[in-house]
Amino acid sequence: MDELISRRLRHRVRVLGNLLGQTMAAQHGQAFVDKEEEIRQLAKTRRQINATDHSSLREVLGELDDDNLISTARAFNQFLNLTNIAEQAEVGEMEDMHFPENSELGNLFTGLLADGVDKTTLFDTVQQTHCDLVLTAHPTEITRRTLIRKYNRIASALHNVREDVIQHRDEKIELERLIAEVWYTDEIRTERPTPREEAVWGYAVIEHSFWSAIPKLWQGLDALLLQHTGQAMALDIAPVRISSWMGGDRDGNPNVTAAVTEEVTRLARWMAADLYLRDVEELLSQLSMSQCTEQVRALCPAPTSEPYRVILRSLRQKLNSTRAWADGDGPTTANMILYRSDLYDPLHVCFESLHTCGMGIIADGLLKETLIRVSTFGVTLVDLDIRQNSDRHVDLLDELTEFLELGSYREWSEKARNDFLLQELTTKRPLIPDGWEPGAENLEVLQTFRFIARDNAEGISSYIISMAKNPSDVLAVVLLLRKCGLKKPLPVVPLFETLDDLDNAAWTLERLLRTQWYTNYISGHQQVMIGYSDSAKDAGQMAAAWAQYRAQEELVIVAEKYSVNLTLFHGRGGAAGRGGTPARQAILSQPPGSVNHSMRVTEQGEMIRFKYGSPPLALTNLDLILSATVEATLRPPPQPMENWRTLMDQLADVAHKSYRDTVNDPQFVDYFVEGTPERELALLALGSRPARRSDPDGRSLSELRAIPWVFAWTQKRLMIPAWLGTDEALSQELSGKEFFVIQEMINEWPFFQTQLDMLEMVLAKTDADIAKQYDDVLVDPSLAHLGEDFRTRLAKLIKRLNEIKGQSELLEQLPEIKHTLDLRHPYTDPLHFLQIELISRYRSEESNEKVKKALLVTIAGIAAGMRNTG
C-alpha cells in the first residue's frame with residue numbers, strides 16, 4: 001500500500017469515525033463519546049507501551065453499567081465495520097480505475113509472452129479456462145443483510161471523500177444519514193435465517209455485484225486478448241461461472257428439504273427473468289433501427305419497420321410469463337424462457353445483424369453485455385449443487401433392499417454393494433416400486449432425487465457426496481438418480497474430508513475408473529472435492545494441508561492414467577484453520593497439473609461480502625482468480641524435490657501426533673468450552689444449519705462443526721486451529737542440512753511458502769495476553785495449566801518462525817498488512833475485555849437480556865476486527 005493510498009485510507013477512517021461520533025453524541029451526549037475516546041486511547045497506549053498493562057482499561061470498562069456496556073460494545077463494533085468499509089472502498093477504487101490496463105491478467109499476458117508462450121497457446125488456454133465460484137450458506141456471515149446494504153451505500157459514498165474533505169454538502173449529509181441509519185439499526189439478528197432467506201441473500205450478491213462485474217471482466221479480458229494475441233473471444237465463452245449451495249446443501253441441515261430446494265430454484269429463475277427484463281426494457285429503448293438481416297426478419301411474424309423491437313417485445317412477454325410461473329405453481333408453457341438458448345439465440349441474431357449492417361458500436365453496448373450475462377448466468381441465475389452425506393444414501397438403499405427382501409445393503413461388503421449397483425445400472429427394469437414410501441428421513445432423500453429427475457437436472461450443477469469413502473458411494477447416487485428418471489448424466493462428486501479419506505482418495509477414484517460402465521457414464525470428465533475444514537479439525541492444519549496436497553497429486557496421476565479430465569473442487573473456508581488463503585496464493589500453490597484450465601472453489605460467509613460485496617471488489621478478485629488459474633495452467637509450480645517431500649512427511653507426522661495428543665487430553669474439551677465463547681456462539685442467529693451435528697448440548701469435538709471450532713478460538717485470539725501441532729513440527733531440532741532444506745522450500749516451493757505465509761498472518765492476529773485474560777476470569781484453576789502451555793507454545797512458535805524466515809518480527813516484509821491490524825487494535829482490544837466480563841456475567845446469576853445483547857455485539861465486533869469468523 002503506497003503512502004498516498006495509506007494516507008487517504010487514514011483520512012477516510014477519520015471522517016467515518018467523526019461522523020459516527022457525532023451520531024452517538026446526538027443520542028447519548030458528548031460525555032459518552034469522550035468516554036469512548038478515553039477507552040480507545042487506553043487501548044492504544046497498552047499496545048504502544050506495555051501490552052500486559054491493562055489495569056486502567058479494565059477499570060474504566062468495569063465502571064460501565066448494563067446500558068453503557070451495550071452502547072460501548074456497539075460503538076467499537078461499528079468503528080471496526082466502518083474501517084473495513086474504508087479499506088474495501090480503497091481496493092475497489094484502485095481496480096475500477098486500472099482495469100484492464102494494469103490488471104493481473106494484463107501483467108500476466110505480458111509476462112507469459114515474454115517467457116516464450118506463443119500467442120495461439122495463450123489464446124486457446126484462456127478460451128478453455130473455467131473458474132466456478134460456489135457460494136455457500138455456511139454460517140460465518142455475522143453481519144445482518146440489512147446492515148450489509150447500508151455498508152455498501154457508505155462505500156459508494158466514500159468515493160467523494162478526498163484528503164479528509166467531503167467535497168459537497170449534499171454528499172456529507174448523505175454520509176451522515178447513512179451512518180445514522182447504521183447506528184440506529186440493531187446489529188444482531190433475532191431469528192435464524194431460513195434456507196430461502198440465505199438463498200435470497202446470495203442472489204442479491206449476484207444482482208448488486210456480479211451482474212455488473214462479470215461483463216466488465218469479460219470485456220476487459222477480450223480487449224487484452226485482442227491486444228496480446230490478435231484474437232477475440234467467442235461470445236458464448238464463460239470463463240467465470242457462479243454456482244450455489246444455498247438451498248441445496250442438506251448435509252447436517254434438516255431445514256433443507258426437497259420442497260425448499262424446489263422453492264429456491266424457482267426463486268432463482270424468477271430473479272434471472274426479472275434481471276433480464278430490465279436489460280430487455282432498456283434494449284427496447286435503444287434498438288429502434290429498421291435495417292437488419294434476413295435472419296432477423298425471419299424471427300418477426302409480420303413485416304415491420306422496427307424488427308429488433310418486435311423480437312425484444314416477444315422476449316419481454318416470455319420473460320414476464322417465466323417470472324409469473326416462477327412465482328406460482330402452474331405448469332410450464334411454450335411461451336416461457338426455460339433454456340439458455342431460448343434467450344441467447346434471438347439476442348445473438350440481433351447482435352450479428354447489427355454488426356453486419358454496420359451498427360457494431362450499438363451491438364457492442366448493452367446487447368453484448370446481456371449476451372455475456374446469458375452465457376454466464378443462463379436462465380437459472382445460478383446452478384445449484386445438491387450435497388448430502390453418504391450415510392443417508394446407505395440408509396435409503398438399506399430400507400429399499402430390505403423391502404425387496406434382498407437383504408441388508410448396509411451389511412454388505414464393498415464388493416457386494418458394487419456388484420448390486422452395477423447390475424441395477426445395466427438393467428432397464430425399475431428398482432423402486434410404485435407407491436413405495438420409506439420412513440420419513442429416507443423419504444426426504446428419495447424426494448430430492450425425484451425432484452432432480454423431474455426437470456432433468458435443469459439448474460442443477462452437480463451432486464456432492466459428503467464423507468465419501470468408496471466407489472459404491474458414487475455409484476449409489478448415480479443409480480438413485482437414474483432410477484428416479486434422470487435422463488442425462490449429472491456430475492456426481494465425491495467429497496474427501498478426513499485424513500484417512502484424503503489418503504485413500506486416489507485409490508477410490510482408481511477403483512471407480514476401472515469400472516467400464518462408469519467411465520462411459522462420465523464421458524471423460526470427473527470432479528472431485530477436497531475438504532479443508534474437517535480434515536484440519538481432524539488432523540491439525542499442517543498434517544491436513546500436506547494430505548490435501550498429496551491427495552491432489554495422486555488424483556491427477558490416476559486421472560491421466562485413464563485419460564479423464566479432472567476438475568478439483570476446493571472446499572475452503574475463510575479462516576486459515578479451514579483452508580483460507582488469498583486466492584492467488586491458493587491457486588498457484590496447488591500441485592503441478594492439478595489446475596488444468598479449470599477449478600471450483602467455495603466462497604463462504606463473510607468472505608463473499610469482503611471479496612465480492614460490490615462490483616469493483618468483485619472485479620478485483622475475479623481478476624486475481626482468473627489470472628492465477630491461467631498462470632497455474634501455463635506456468636505450473638515445480639514438482640517438489642524428494643528431500644522436500646521427506647522433510648514434509650517428517651514435519652506432518654510430528655504435527656499430527658502433537659495435535660492429536662493435545663486435543664485428546666481429557667481436560668482439553670473442558671478448557672475449550674470454558675475458556676472461549678463456544679457455548680455463547682449458539683446464541684447468534686448465524687445460519688440455518690445447526691452448529692453441532694446431532695446433540696446440540698454435546699461437548700464432543702467430533703460433533704462440533706469446523707466453523708464454530710475456528711470461530712471460538714478466533715474470538716479468544718489464540719487461533720489454535722491454525723497452528724496447533726505445527727508449533728511442535730517447526731520447533732524440533734533440525735540438523736544444518738535440514739535447516740538448509742527448509743530455506744530451499746521457502747524460496748522455491750509455493751506450497752510451503754504459502755503455508756508459512758498464512759501461518760505468519762494468523763500468528764500476527766494472536767494475542768497471548770488477551771487469551772490469558774479469558775483464562776484468568778473464565779477457566780477453572782484446575783485447567784489453567786493448559787492455557788499457560790498454549791501461550792508458551794505460541795511464543796516459542798512465533799520466535800521460531802521469525803528465525804526460519806530471517807526476520808526480527810512478524811509481518812516485517814508485509815507492512816501494509818501490519819498497518820491494517822494496527823488500525824484495528826484500539827477498537828478490537830476493548831471488545832475483548834468487555835466480552836470477558838460479559839461472558840462471566842452471562843454464565844452467572846447476573847445474566848439478563850442486556851448482558852446477552854452486549855455479549856453478542858462484542859462477538860460481532862471482534863469478528864469484524866479479525867475480518868474473520870470461521
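Tutor: Let's start with one term: two strands pair if DSSP finds at least two bridges between them. Keep in mind, too, that this is a predicted model.

Student: Got it. So which strands make up the closed barrel, and how do they pair?

Tutor: The closed barrel has 8 strands, in the order E1-E4-E5-E6-E7-E8-E9-E10, and the pairing is parallel. On average, neighbouring strands of this sheet are turned by 25 degrees against each other, ignoring direction.

Student: What holds paired strands together, in general?

Tutor: Strands of a sheet pair through backbone hydrogen bonds, and the pairing can be parallel or antiparallel.

Student: Let's look at E4 then. How many bridges does E4 share with E1?

Tutor: Strand E1, residues 130–136, pairs with E4 in the parallel sense over 5 bridges. Within that pair, Val 134 stands opposite Ser 243 of E4.

Student: And how many bridges join E4 to E5?

Tutor: There are 2 bridges between E4 and strand E5 (residues 383–389), and these strands run parallel. Ser 243 turns up here as well, standing opposite Asp 383 in E5.

Student: Is E4 enclosed or open?

Tutor: Strand E4 covers residues 240–244, and 4 of its 5 residues are buried, so E4 is largely enclosed by the rest of the structure.

Student: Jumping along the barrel: what is the bridge partner of Phe 569 in E10?

Tutor: That partner is Arg 600. The two strands involved are E9 (residues 565–571) and E10 (residues 598–604), which pair in the parallel sense over 2 bridges.

Student: Which strands does helix H18 lie across?

Tutor: H18, residues 471–483, lies across E6 (460–466) and E7 (492–496), and H18 runs at about 150 degrees to E7.

Student: Okay, new topic: helices packing on each other. What describes a packed pair?

Tutor: Two numbers do: the angle between the helix axes and the distance between those axes.

Student: Cool. At what angle do H2 and H3 pack?

Tutor: Helix H2 (residues 30–48) and helix H3 (residues 55–62) pack at about 155 degrees, with axes 9 Å apart. An angle over 145 counts as roughly antiparallel, so that is what H2 is relative to H3. Their crossing is left-handed.

Student: Which residues meet there?

Tutor: From H2 you have Lys 35, Glu 38, Ile 39, Leu 42 and Ala 43, and they meet Ser 56, Leu 57, Val 60 and Leu 61 of H3. Sorted by class, the contact of H2 with H3 has 6 nonpolar, 1 polar and 2 charged residues.

Student: H2 packs with H37 too, right? How far apart are their axes?

Tutor: The axes of H2 and H37 (residues 815–842) are 8 Å apart, and the angle is about 100 degrees. H2 and H37 are therefore roughly perpendicular to each other. H2 contributes Ile 39, Arg 40, Ala 43, Lys 44, Arg 46 and Arg 47, while H37 contributes His 825, Pro 826, Tyr 827, Asp 829, Pro 830 and Phe 833. By class, this contact of H2 with H37 has 6 nonpolar, 1 polar and 5 charged residues.

Student: One more pair. Is the crossing of H5 and H6 left-handed or right-handed?

Tutor: The crossing of H5 and H6 is right-handed. H5 (residues 104–114) and H6 (residues 119–128) pack at about 140 degrees with their axes 10 Å apart, which makes H5 oblique to H6. Phe 109, Leu 112 and Leu 113 of H5 make the contact with Lys 119, Leu 122 and Val 126 of H6.

Student: Let's zoom in on single residues. Is Asn 77 buried or exposed?

Tutor: Asn 77 is buried, with a relative accessible area of 2%. You'll find Asn 77 in helix H4, residues 66–98. Leaving aside residues up to four places away in sequence, Asn 77 touches Glu 187, Leu 831, Val 857, Ala 860, Gly 861 and Ala 864.

Student: What about Ala 232, where is that one found?

Tutor: Ala 232 is in the loop between helix H9 (195–229) and E4. Ala 232 is partly exposed, at 45% relative accessible area.

Student: Last thing: what phi does Leu 381 have?

Tutor: Leu 381 has a positive phi of about 70 degrees, although it is not a glycine. Leu 381 sits in the loop between helix H14 (360–377) and E5, and counts as buried at 1% relative accessibility.

How values were computed
Residues are numbered from 1 along each chain as its sequence is written. This is a predicted model: local features need pLDDT of at least 70, side-chain atom pairs count only at pLDDT 80 or more; totals for chains, interfaces and linings use all residues. Side-chain values use heavy atoms; hydrogens and water are left out. Axes are lines fitted to C-alpha atoms, for helices over the stretch in contact, and angles run from 0 to 180 degrees between N-to-C directions. Helices (H or I, at least four residues) and strands (E, at least two) are DSSP runs, numbered from the N terminus. Angles under 35 degrees count as roughly parallel, over 145 as roughly antiparallel, 65 to 115 as roughly perpendicular and the rest as oblique. A crossing is left-handed if the near helix is turned anticlockwise from the far one by less than a right angle, and right-handed if clockwise. Contact means heavy atoms within 4.5 Å. Ala, Val, Leu, Ile, Met, Phe, Trp, Tyr, Cys and Pro count as nonpolar, Asp, Glu, Lys and Arg as charged, and the others, Gly among them, as polar. Buried means under 20% relative accessible area, exposed over 50%, partly exposed in between (1.4 Å probe, protein chains only).
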